[in-house]
Amino acid sequence: MDVQLHVLLLDDEPIVGKRLKPALAKIGCEVEVFEDPRLALARIDEKEFDIVVTDIRMDEIDGIQVLERVAAKSPRTKVIMITGYAMMSLAREAMDKGAFDFIAKPFQPNDLRKVIAKAAEALGTPLNVESGEAA
Amino acid sequence: MSLIIISADLYESGRAVAEKAAAKLNYRLIDRELLTEAAAHNEVPEAELKRALAENPSLFGMRARPWRRALAVIQKTVLERLLADDAVCHGLGAHLYVVGVSHALKVRVLADAEKEAAVLAEQERIPADKAMKRLEQRKQLRRRWSRSAFGMDETDPGLYDLVIGLSNIDLDEAVQTICDTASYRKFQPMSWSQKCLADLELAARVRTVLLERFPDLKVSADGGTLVVEVRAMKREKRRKAEAIKEMAGRIAGVEYVEVHVVNDIFRQAAESFR
């Protein structure tokens, strides 16, 4: 299967990357997983990703800062925010700063796959999430 | 696209703003016409739904139980309609129960009281000062209603994203301001806010069913998981919890039901004095 989407996944909890990476690979995403936001930002500076999935609450650098950096560097990149501390003010701030979507933890891998599929559609690279194959 | 919920200190002013905003954005208008359908689907007289929106329960007026049920039916029907975006909602108390949904822009419209009083004075052929007094009474009644119905004071500006006074800003300007604000990215729907709204809708749907048998309960939902809080005496705790689980478990979208039974201290105290 051809890789269609380059995805950076940032969450300081290792289990999140471990669980989501194979789930996204199944629908044609090449996923780079980071637990340290500084390393993730360095990689974002090097490479233009199609999609960035980032946790919000992390030590030192938070997801909103990651969003701002991505928005400044690559406006076409879709940023999906994930958080266990969802609040209206935070959700609105993320959307205002250009997030593509905002999901509250816990969620099922399929929930994220659906959002990735929406982002892929917006990027003009539709995925077939139902069959687990790239369209 | 987002949802716009309009509340007003005087119904007519809110309705005028809501109608114009819906037409300008090409959104659906959800207003009291919905009550006809809500009444038919839930076997509640439409007049009872209208009355529940207008008054508090009282000894000589509407009784508490049908009042609560009527409000639950309205809430359920409105939330169901709001699940599809692109709507302007007015006159159904949605500003008090659509809580924590980031893509719902809540607007409070303050009527031009002098203008409204002049209209009322002409309609009812009463002096202007009397008309003004009546409008003031209506506002006070609304305030009390919001507290009794949903435990919130609807005149609190903190409930809204935008407060517009029609005394100094004319209708078209107010509508333009609302439409401009609704277009901000922060009011766009996202997975989380849509889930929040779906949770509210599920909780309202379950509550409407349970209210038929249990007159006083709270229901919240998170995904398919429900938490139901009900008051009961010690000896009925288990029976009530089982009955709630059984009734709620049959409703579409419910996966798990947790029942929190709170001691009904008033009934317990009343029984101990017998």
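Student: Which hand does the crossing of α2(B) and α4(B) have?
Tutor: Keep in mind that we're looking at a predicted model. In it, the axes of helix α2 (residues 34–42) and helix α4 (residues 64–82) of chain B come within 10 Å. Their crossing is right-handed.

Student: And which residues of α2(B) make the contact with α4(B)?
Tutor: Start from the other side: α4(B) brings B:V73, B:I74, B:T77, B:V78 and B:R81. Counted by class, the contact has 5 nonpolar, 2 polar and 1 charged residues. The α2(B) share of the contact is B:L34, B:A38 and B:N42.

Student: Are α2(B) and α4(B) roughly parallel or roughly perpendicular?
Tutor: Go by the angle: the axes cross at roughly 115 degrees. Angles of 65 to 115 degrees count as roughly perpendicular. That makes the pair α2(B) and α4(B) roughly perpendicular.

Student: How do α1(B) and α8(B) lie to each other?
Tutor: Helix α1 (residues 11–25) and helix α8 (residues 171–182) of chain B have axes that come within 9 Å and cross at roughly 55 degrees. The crossing is right-handed. With that angle, α1(B) and α8(B) are oblique.

Student: What's the class make-up where α1(B) meets α8(B)?
Tutor: From α1(B) you get B:A16, B:V17, B:K20, B:A21, B:K24 and B:L25, and from α8(B) there are B:L171, B:A174, B:V175, B:I178 and B:C179. Sort those by class and the contact has 9 nonpolar, no polar and 2 charged residues.

Student: What span should helix α9 of chain B have?
Tutor: α9(B) runs over residues 191–211, which is 21 residues, and the reckoning uses 1.5 Å a residue. Its end C-alpha atoms sit 30 Å apart, in agreement with the expected span of 30 Å.

Student: How many residues of α9(B) are buried?
Tutor: A residue needs 20 or more other C-beta atoms within 10 Å to be buried. α9(B) is largely enclosed by the rest of the structure, because the buried count among its 21 residues is 17.

Student: Is B:L3 buried or exposed?
Tutor: B:L3 belongs to strand β1 (residues 3–8) of chain B. Leaving out residues up to four places away in sequence, B:L3 touches several others, including B:L82, B:C89 and B:H103. It has 28 other C-beta atoms within 10 Å, so B:L3 is buried.

Student: How far apart in space are B:L3 and B:A182?
Tutor: In sequence, B:L3 and B:A182 are 179 residues apart. C-alpha to C-alpha, though, the distance in space is 7.9 Å.

Student: Where is B:E43, the residue with phi near 55 degrees?
Tutor: That phi is a positive value in a residue other than glycine. B:E43 is exposed, with 7 other C-beta atoms within 10 Å. Its place is the loop between α2 and α3 (46–54) of chain B.

Student: What's the phi of A:E60?
Tutor: A:E60 sits in the loop between β3 (51–55) and α3 (63–73) of chain A. It's exposed, with 9 other C-beta atoms within 10 Å. Most residues other than glycine have a negative phi. A:E60 has a positive one, near 65 degrees.

Student: What kind of peptide bond joins A:K105 and A:P106?
Tutor: A:P106 is in the loop between β5 (101–104) and α5 (109–123) of chain A. Omega for the bond is about -5 degrees, and the bond is cis.

Student: How many residues of chain B are in contact with chain A?
Tutor: By class, the side of chain B that touches chain A has 3 nonpolar, 5 polar and 3 charged residues. Chain A puts in 11 residues, and the number from chain B is 11.

Conventions
Residues are numbered from 1 along each chain as its sequence is written. Chains are lettered from A and ligands numbered from 1 in the order in which they are written. This is a predicted model: local features need pLDDT of at least 70, side-chain atom pairs count only at pLDDT 80 or more; totals for chains, interfaces and linings use all residues. Axes are lines fitted to C-alpha atoms, for helices over the stretch in contact, and angles run from 0 to 180 degrees between N-to-C directions. Helices (H or I, at least four residues) and strands (E, at least two) are DSSP runs, numbered from the N terminus. Angles under 35 degrees count as roughly parallel, over 145 as roughly antiparallel, 65 to 115 as roughly perpendicular and the rest as oblique. A crossing is left-handed if the near helix is turned anticlockwise from the far one by less than a right angle, and right-handed if clockwise. Two residues are in contact if their C-beta atoms, placed from the backbone, lie within 7 Å. Ala, Val, Leu, Ile, Met, Phe, Trp, Tyr, Cys and Pro count as nonpolar, Asp, Glu, Lys and Arg as charged, and the others, Gly among them, as polar. The expected span of a helix is 1.5 Å times one less than its number of residues. A residue is buried if 20 or more other C-beta atoms lie within 10 Å of its own, exposed if 12 or fewer, and partly exposed in between; C-beta atoms are placed from the backbone.
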